[in-house]
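The two exercises below ask you to read a structure step by step, first at the level of whole domains and then at the level of a pair of helices. Please try each task on the displayed structure before you turn to its solution.

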Amino acid sequence: MPAIVLVGTQWGDEGKGKATDLLGSQVDYVVKFNGGNNAGHTVVIGDEKYALHLLPSGILSPNVVPVIGNGVVIDLNVLFEELDLLESRGIDTSRLLISSQAHVITKYHRQLDQTQERFLGARKIGTTGRGIGPAYADKINRLGIRVADLFDEKILRAKVIGALDQKNQLFTKMYNKAAIDPENVVAELLTYGERLRPMVANTPLILNQALDAGKIVLCEGGQATMLDVDHGTYPFVTSSNPTAGGACTGAGIGPTRIDSVIGVIKAYTTRVGEGPFPTELNENSDMGKYLRETGGEFGVTTGRPRRCGWYDAVIARYSARVNGLTDLLVTKLDVLSGIAQIPVCVAYDVDGVRFDEMPDSQSDFHHAVPIYEYLPGWTEDISQARTFEELPQQAQDYLRFIEKQSGCRISAIGVGADRDAIIEVHSLIP
Ligand code: GDP
Ligand code: IMO
Ligand code: MG
């Protein structure tokens with residue numbers, strides 16, 4: 001049976017949490033394969049609103065086994081806080097599995113993230129400050145602490161001492177901070193061990209056996225394509241691979257097992273943090289304010305207002321390509337109701353040259369000026385529409401236009417934040 005990958009196609013916050021929740025009743029496993037608590041997913045179920053950061057959105061579906069894959073970096077304090085909060089609201093979290101190979105975010109990762117951002121000054125990335133980059137840096141540098149290390153105190157101590165060796169030099173000599181005592185870090189990590197142990201498993205083995213047994217596995221990406229460390233707007237990216245390939249490494253599933261790749265895409269575009277964004281509207285312009293306020297575009301993790309702009313079909317085409325998308329799930333179409341003319345970016349003008357595809361050079365991307373086509377808008381409230389035909393003609397035309405421009409079929413359309421506010425055009429489960 002198939003593994004399905006679900007990814008963000010823009011700069012995050014496309015509505016991946018809601019999309020995963022939508023599929024929750026039809027899949028057996030949901031595995032988060034990258035990132036950590038830099039993610040923020042809002043899922044609305046009836047009158048209840050859940051904000052998830054580290055846990056896979058599948059945790060809200062009673063029949064799903066939620067899995068934190070080996071590709072994730074885990075802040076254990078956040079993990080338990082999130083679990084406690086869900087339990088206090090009556091959600092059963094006992095099925096959660098955590099890869100023994102996932103890396104752990106510690107105090108020194110958070111401190112490094114925040115201090116480095118301050119030192120970068122005007123060149124800062126605008127990270128979430130959660131220690132994500134330094135934890136992945138340690139992983140690549142072979143200085144990371146993995147979940148399995150928490151169950152062997154001797155090894156844990158040796159690894160923490162090794163990881164802090166150079167960092168304490170940095171903290172004291174460069175950043176004018178106090179050194180971090182490895183014993184404090186070890187003691188804190190050991191306190192998590194007992195509660196963690198029953199959740200820890202060989203998740204790549206379990207997921208592959210589940211696929212062999214005919215179960216459906218949904219791999220849920222955090223962040224998004226344009227924040228991918230390889231394919232995004234480097235250096236203004238996160239430190240993992242949120243693109244579809246990252247699902248293979250981050251969950252331990254081979255590419256031949258993946259049958260479909262769903263790209264979640266907003267009917268317009270948003271971005272949090274620094275970096276280029278060609279279709280961005282001035283935050284104080286009428287339209288910039290309209291999208292931010294009507295779309296509720298404020299970060300779930302940091303509360304920062306999101307930068308807002310028009311749909312960028314060049315980015316959609318790029319995303320369709322690097323992820324091998326089979327389906328697009330367009331969200332927040334309802335937010336565009338009431339706009340007389342809706343611009344869609346179809347290409348860029350870079351210093352007088354037309355680019356139909358994403359420029360290879362980052363400098364060209366920084367200079368990209370959108371070439372827009374303008375589509376007539378609609379005024380109707382579309383939040384009750386449940387079939388494509390129930391949408392106003394202009395909304396149908398808008399969707400047809402972005403579908404043609406993006407090079408991937410639209411299989412579902414979000415028309416509101418509620419769980420059922422969705423139009424399914426094609427089945428998302430192969
Ligand atoms: P994620 O990080 O990709 O999971 O997205 P976020 O949860 O950070 O941001 C998406 C926001 O849009 C959330 O507040 C969702 O509840 C909301 N949302 C998702 N789909 C729709 C939709 O179709 N219409 C509207 N109005 N809101 C939506
Ligand atoms: P979800 O899963 C939007 C951005 C940060 C910053 C950059 C690097 O909710 O879509 P990091 O803390 O990861 O080192 O920050 O990436 N960023 C996100 N932006 N949605 C997210 O997650 C993000 N996760 C990280 O704002 O620009
Ligand atoms: Mg988000």
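**Exercise 1: two domains and their interface**

In this predicted model, the centres of domain 1 and domain 3, taken over C-alpha atoms, are separated by 23 Å. Describe how domain 1 and domain 3 meet, starting from the residues in contact and ending with the area buried.

*Solution.* Begin with the division of the chain, in which domain 1 is made up of 3–98 + 199–262, domain 2 of 103–194 and domain 3 of 265–424. Next, take the contacts: 38 residues of domain 1 touch 40 residues of domain 3. Between them, the two domains bury about 3,000 Å², and 58% of this area lies on carbon and sulfur atoms. Finally, of the area that domain 1 buries against domain 3, 23% comes from Q10, W11 and K18, which is more than any other three residues supply.

**Exercise 2: two helices**

Determine how the axes of helix α3 (residues 107–120) and helix α5 (residues 153–174) are arranged, and state which residues make the contact.

*Solution.* The two axes come within 12 Å and cross at roughly 30 degrees. Angles under 35 degrees count as roughly parallel, and α3 and α5 are therefore roughly parallel to each other. As for handedness, α3 passes α5 in a left-handed crossing. On the α3 side the contact is made by Y108, Q111, L112 and F119, and on the α5 side by V160, A163, L164, K167, L170, F171 and M174. Sorted by class, the contact comprises nine nonpolar residues, one polar and one charged.

Notes:
Residues numbered from 1 in each chain as written. Chains lettered and ligands numbered in written order. Predicted model: local features only at pLDDT ≥ 70, side-chain atom pairs only at ≥ 80, totals over all residues. Heavy atoms only, no water. Axes fitted to C-alpha atoms, helices over the stretch in contact; angles between N-to-C directions. Helix = DSSP H or I, 4+ residues; strand = E, 2+ residues; numbered from the N terminus. Parallel < 35°, antiparallel > 145°, perpendicular 65-115°, else oblique. Left-handed = near helix turned anticlockwise from the far one by under 90°. Contact = heavy atoms within 4.5 Å. Nonpolar A, V, L, I, M, F, W, Y, C, P; charged D, E, K, R; others polar. Domains from an automatic or database assignment. Buried area = accessible area lost by both parts, 1.4 Å probe.
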